[in-house]
Amino acid sequence: MRIPGSMLFSSRYRLLQKRLHPITKEWGLTFYVLRHSTLAVVGGLIALAFIFIALFGAMLAPYNPISANIQDRFQPPSASHPLGTDTMGRDVMSRMLAGAQHSIKAGLIVLAIAVPLGVLLGGIAGLFGGWIDEVIMRVTDMFLAFPSLVLAMAFSAALGPSLFNAMIALSIVWWPMYARLVRGQALAVRETSYVEAARSRGASNWHIMFKHILPNCLSPILVTLTLDMGWVITAAASLSFLGFGAQPPIPEWGRMVSDGRIYMLRAWWMSVFPGLGIVLVVLGFNLLGDGIRDSLDPKLRRLTEVTWKPEKTSSSSTD
Amino acid sequence: METREDLLVVDRLKTQFFTYGGVVEALDEVSFEIRLGEIFGLVGESGCGKSVTATSILGLVAKPGKIVSGRVLLDGENLVEKSEQEMNRVRGSRIAMIFQDPTSSLNPLFRIGYQVAEPYIYHQRRPKRQALKDATEILAKTGLPDAVEKSRNYPHELSGGMRQRAMIAMSLTCEPDLLIADEPTTNLDVTIGRQILDLVKDLQREFGASVLWITHDMAVVAQMCDRVGVMYAGTIVEKTDVRTLFRNAKHPYTERLLRAIPSAVKSADKLEEIPGSVPQLIHPPTGCRFHPRCDHVMEICSRVKPVELEVEPGHMVACHLFGGEKEAT
Amino acid sequence: MTTALFECRNLTKFFPIKNLFRETGRVHAVEDVNLTIPEGGTVGLVGESGCGKTTLARTILLLIEPTSGQVIFRGEDMASRSKRDLRQFRRETAIVFQDPYSSLDPRMLIADVVGEPLVIHKVAFGEDRDDVVLSLLERVGLKADHMYRYPHEFSGGQRQRLAIARALAADPKFILLDEATSALDVSVQAKILNMLNGLKADLRLTYMFISHDLNVVRHLSDHIGVMYLGRMVEYGTREQVFDTPTHPYTRGLLAAAPSLDPNDRDRPREVVLQGEVPSAVEPPSGCRFHPRCPNRKPECDRVRPELVDIGDGHLVACLPG
Amino acid sequence: MRLSTYILRRVAMLIPVLLGVLVIIFVIAYVIPADPARAWAGPRARAEQVQVLEERYHLNDPIYTQIWIYLKNVVLHFDLGVSPTTGRPVRDDLKAFFPATFELAMCAFFLAIALGIPLGVVSALRRNRPTDHFSRVIALTGVSTPLFWSALLLQFLFYYKLGWLPAMGRSTIDITRYTGFVLIDSVLNWNWTAFGDAAIHMILPAATLAFYSMGYLVRITRGSMLEVLEAEYVITAKAKGLPRKIVIYRHALKNAIIPPLTVLGVEFGWLLGGTVLLETIFAWPGMGRYAAGSIVMVDLPAVVGYTLVVAMIMLLSNLVVDILYSVIDPRIRVGGKRR
């Protein structure tokens with residue numbers, strides 16, 4: 001009955017290749033669907049451009065984004081200053097290029113804290129149920145009872161206004177969403193017969209958590225994550241706008257809008273362009289997130305799979 | 001067999017679904033006729049096009065789908081050519097439908113009585129109060145206990161059997177000429193399902209309606225239907241009266257299918273198997289759609305689509321075993 | 001005679017209905033069921049929804065804790081065991097479910113799906129595990145190149161084969177088939193039933209087969225239990241139950257199932273069951289079937305009938321008279 | 001279960017959540033900052049002055065004592081403490097500022113519902129046609145535009161450039177206050193000029209806020225409507241031969257409205273959060289501006305009071321939504337507990 005492994009696969013490499021193949025195929029299909037949605041491609045390009053600017057923006061900036069240059073104050077957009085200059089004569093475009101990193105940092109840090117925390121708590125709540133679930137969910141209810149911006153404001157005021165503290169504050173208000181998401185998914189997965197089959201064979205809670213629940217949470221988390229990137233950037237900018245986030249002279253975009261506010265009549269470009277930047281980036285992540293959601297939608301996948309021929313598919317005759 | 005008038009004639013009906021992946025040829029020139037006052041059974045395995053036939057008759061084929069050609073004649077009027085508004089006067093009034101799953105087919109947010117009364121209100125323009133009263137009467141007729149009280153309940157407050165009774169009441173409101181029943185007992189328990197079968201039969205006799213009975217269950221066909229069409233992969237392969245079908249099935253598919261059923265009569269250790277599996281309808285097999293799985297496959301089978309032949313009076317079979325090539329081409 | 005693999009003694013399962021503060025009622029899902037599953041046999045369980053057959057199945061496998069009663073596996077009471085002591089029991093029992101779509105994790109490769117019990121029981125890992133999976137796939141009529149695919153690429157019948165392959169991993173002695181063929185088309189069902197019969201003979205398995213389809217149960221089982229509202233009303237060999245059904249419910253159930261012979265339609269049916277199954281929260285007193293019983297006696301709503309041997313191990317719970 | 005039982009149960013479940021909310025606020029407000037009393041007393045205050053403040057606000061007591069004292073005051077006397085920066089009771093401050101915020105949030109809320117839900121429905125009915133694309137673009141822009149920026153932009157455009165609408169404030173005409181809600185009070189005063197004035201001041205902030213939260217509603221409504229249109233009971237309704245209008249606006253819409261309805265509570269919370277930004281920009285004399293100012297001043301009693309009130313409004317709005325939901329959907333009342 002047993003066939004020795006060496007006879008089947010000539011090497012470990014081939015085994016690995018065989019196992020990875022269907023996984024890459026799945027992602028290939030996802031990417032294929034994604035690529036065929038114009039909006040998702042646009043969103044993806046914006047997101048990529050934004051990440052690029054965040055990484056290299058400071059080097060690309062033609063002027064020093066921090067130091068003042070009084071004789072060039074309030075220059076309207078021109079060839080030498082495409083987006084104009086601000087009250088201290090600093091080039092708005094350079095400041096925006098240099099400031100992109102703060103927005104993306106905010107997004108990454110917040111999600112890096114909030115997602116694992118939410119996933120862990122939500123997973124535990126959904127898997128164990130009973131009073132553990134009750135306690136965790138009541139705590140998330142409490143956090144969700146505040147408008148997140150207000151709670152984040154209170155947190156960052158308590159911690160002292162700085163961009164880093166604003167991020168901590170946002171993480172504290174962001175995790176409950178993920179806890180809810182994962183718990184809902186965990187409850188659904190827990191009811192499926194594949195989990196019952198695993199339990200009937202003696203699978204432990206941890207086995208079910210890591211082999212069944214978390215993998216099934218992956219796609220909804222991925223979608224929410226992408227959409228949330230935009231939300232977090234807006235929220236961080238809002239905090240900065242109110243004076244709770246980035247402090248001068250850091251060229252954070254929300255802060256720049258706030259700084260330009262009182263000069264709207266004299267130099268509208270000071271507020272308009274950084275704000276436009278935020279809109280564009282958030283739009284990009286929203287489009288990308290919607291695209292990913294669609295590409296993971298089983299209905300659409302089934303329809304597309306037929307036209308997608310990554311390799312010859314062998315047909316099977318048994319049923 | 002006496003000649004009776006045909007109520008509904010489905011003539012070379014071809015319905016296709018235009019998806020991203022290609023054209024799904026769901027129905028390929030399906031023809032049958034339902035006579036006045038008879039129960040015509042359409043039997044086949046899942047995906048063979050039974051339900052698409054029903055929705056095609058009612059003009060309710062879902063979005064990427066379209067009736068490409070063919071006619072559906074109700075008393076000589078072609079339903080395919082009718083406008084949406086004209087069809088609305090046919091639906092629920094002259095042709096009514098009972099669906100498989102009464103749970104999802106009843107609107108969860110409306111009371112049973114109101115849902116049953118709707119055809120009265122919109123087809124017969126009865127005042128709402130009167131319609132609701134009439135609805136409880138017809139509900140009582142379907143054997144729903146405490147119909148007056150139950151008509152004020154929401155669907156989730158009734159059992160599956162009661163919901164199906166409500167669906168039946170709803171379909172009978174306007175005394176339709178044709179009742180389409182799409183597997184109405186599949187989701188019900190054995191004893192409840194039997195009650196529903198008996199009920200439909202009684203009501204059919206009382207109302208004198210014709211019934212198109214769609215099912216996958218050969219036993220239900222044996223007990224319910226007068227004539228039967230056997231469907232396979234979007235085509236009708238055999239069509240005859242029910243006794244002939246069970247005594248003398250001719251098409252290789254029908255024959256094998258009947259022997260695959262574990263039956264009370266013969267207790268064989270091994271059941272008959274049909275090799276292979278039901279084909280995809282995006283690129284269905286050429287010629288006879290059953291040929292890749294058929295024991296008697298001949299050279300012609302993969303080339304030419306077999307036409308229906310009358311092998312004995314009233315017994316139509318679409319198979320090359322029974323007819324020469326000349327008729328087919 | 002063969003020895004008993006499983007024995008249930010007075011097995012009872014009530015589900016409490018709670019509101020925020022206290023228990024307001026109980027669902028009498030399974031009550032006082034005694035059942036013996038002989039080694040190498042197939043016991044069929046029939047009954048309509050709400051009769052407790054699925055609860056009984058899950059209680060036997062200790063997926064839910066019985067309210068009272070014993071589950072005896074190879075002579076030892078398992079219901080009182082701790083989770084850790086159940087490892088061997090879990091290895092030797094398996095379950096196959098009705099719905100071929102929700103029974104396979106869509107995010108797992110087939111190799112991982114079928115090999116899961118091997119990993120849980122630390123029987124085989126890596127390449128060894130894949131070798132076992134391969135032989136299992138061949139056993140159920142699938143091919144080696146099916147191993148590295150996702151469940152959504154398979155048809156309903158193939159998925160059911162995969163679920164059976166997974167059940168066979170880690171060499172179980174007992175497989176519980178919970179409506180395992182109910183979602184399948186007739187022609188596919190025939191293949192799966194034939195395969196199950198073959199596997200049983202080859203691997204000396206014991207089955208418990210739950211279904212509402214009487215013909216399928218009859219085809220597969222050698223002993224059959226009929227349940228109604230949480231209680232066993234009749235038990236016997238296939239011939240006893242199908243050829244000489246004795247409990248009025250069994251007779252009604254058999255009569256209600258449509259027959260394949262068109263000539264039967266004109267014959268009056270022996271028993272016609274009216275009404276619906278009552279709620280299991282407040283089940284009828286005495287004999288649970290008495291409100292629907294065509295030949296009930298005055299004492300039926302007071303006296304609870306016990307299962308009585310009416311000859312050759314044919315057990316019926318109906319008051320004599 | 002009867003509807004009244006259901007509502008009572010839901011209200012009972014609010015109490016522990018509200019207590020937890022209070023604990024969270026306290027932990028944030030009283031534990032982390034180093035020395036609030038010094039901040040309140042000012043940089044040149046003497047040690048005794050700081051000490052007096054510390055004692056008055058029980059800052060040296062352990063946190064549970066502080067919570068207990070606070071809770072006792074809230075429950076027994078409805079007393080939220082005295083703001084160290086304004087010197088007035090927080091309750092009075094909030095009472096003065098609450099109507100402005102609530103009025104703004106409500107206007108925006110109903111505007112968002114009135115635009116968002118129909119737009120979502122139409123979008124679903126005209127799937128992949130120009131109307132659909134248009135409303136999806138609107139929705140997407142709405143959710144992608146930061147509130148503070150669109151507010152600035154609209155202010156710039158409609159006040160500075162066009163001069164059509166006022167940029168700041170709530171009204172310019174003094175009238176007798178009965179309720180504190182200007183729109184209502186002006187009607188009660190029978191003063192239509194004042195009403196018009198208040199309405200004109202309301203347009204910009206309410207529209208900005210509504211535009212932002214409308215996008216979400218459009219998306220949810222559209223998705224839910226698309227799903228419902230394919231549901232079997234809608235097909236049944238069609239098979240019954242009901243007129244298209246009845247099928248869509250009676251059978252489909254009633255079901256499709258449930259998902260957007262359930263997020264309305266959360267939606268209202270966003271609006272309240274958004275008022276903090278808007279009130280700063282539009283110089284709106286409401287709680288949001290008061291809170292933003294208090295946070296800067298580390299005015300803890302004011303911040304705690306404000307957050308508590310906002311949390312309470314959110315919980316109540318969620319409760320109202322739940323009740324509405326159970327009125328529409330009879331299935332909800334069965335289990336008593338959803339999810």
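A residue counts as buried here when its relative accessible area is under 20%. With that in hand, let us walk through this predicted model, starting with chain D. Of the 339 residues in chain D, 52% meet the mark for buried.

What is chain D built from? Its secondary structure consists of 15 helices and 0 strands. If you follow the C-alpha trace of chain D along its principal axes, it spans about 85 × 55 × 40 Å. The contacts tell you how the sequence is brought together: among those in chain D that link residues at least 6 apart in sequence, 71% join residues at least 24 apart.

Now look at the outside of chain D. Its accessible surface comes to about 15,400 Å², and carbon and sulfur atoms account for 66% of that. Chain D also carries 32 positive and 21 negative charges, and the mean positions of these two sets lie 12 Å apart.

Next, turn to the place where chain C meets chain B. Chain C brings 36 residues to this contact, while chain B brings 44. Together the two chains bury about 3,400 Å² between them, with 50% of it coming from carbon and sulfur atoms. On the chain C side, Leu260(C), Arg265(C) and Glu276(C) supply 22% of the area that chain C buries against chain B, more than any other three residues.

How many salt bridges cross the interface of chain C and chain B? The rule finds 3. Arg265(C), already met as one of the three residues named above, forms a salt bridge with Asp226(B), at 3.9 Å from N to O.

Conventions. Residues are numbered from 1 along each chain as its sequence is written. Chains are lettered from A and ligands numbered from 1 in the order in which they are written. This is a predicted model: local features need pLDDT of at least 70, side-chain atom pairs count only at pLDDT 80 or more; totals for chains, interfaces and linings use all residues. Side-chain values use heavy atoms; hydrogens and water are left out. Helices (H or I, at least four residues) and strands (E, at least two) are DSSP runs, numbered from the N terminus. Buried means under 20% relative accessible area, exposed over 50%, partly exposed in between (1.4 Å probe, protein chains only). Contact means heavy atoms within 4.5 Å. Accessible areas come from the Shrake-Rupley method with a 1.4 Å probe; for residues, only the protein chains shown count as cover. Lys and Arg count as positive and Asp and Glu as negative; His and the chain ends are not counted. The place of a charge is taken as NZ of Lys, CZ of Arg, CG of Asp or CD of Glu. Buried area is the accessible area (1.4 Å probe) that two parts lose on being put together, summed over both. A salt bridge is a side-chain nitrogen of Lys or Arg within 4 Å of a carboxyl oxygen of Asp or Glu.
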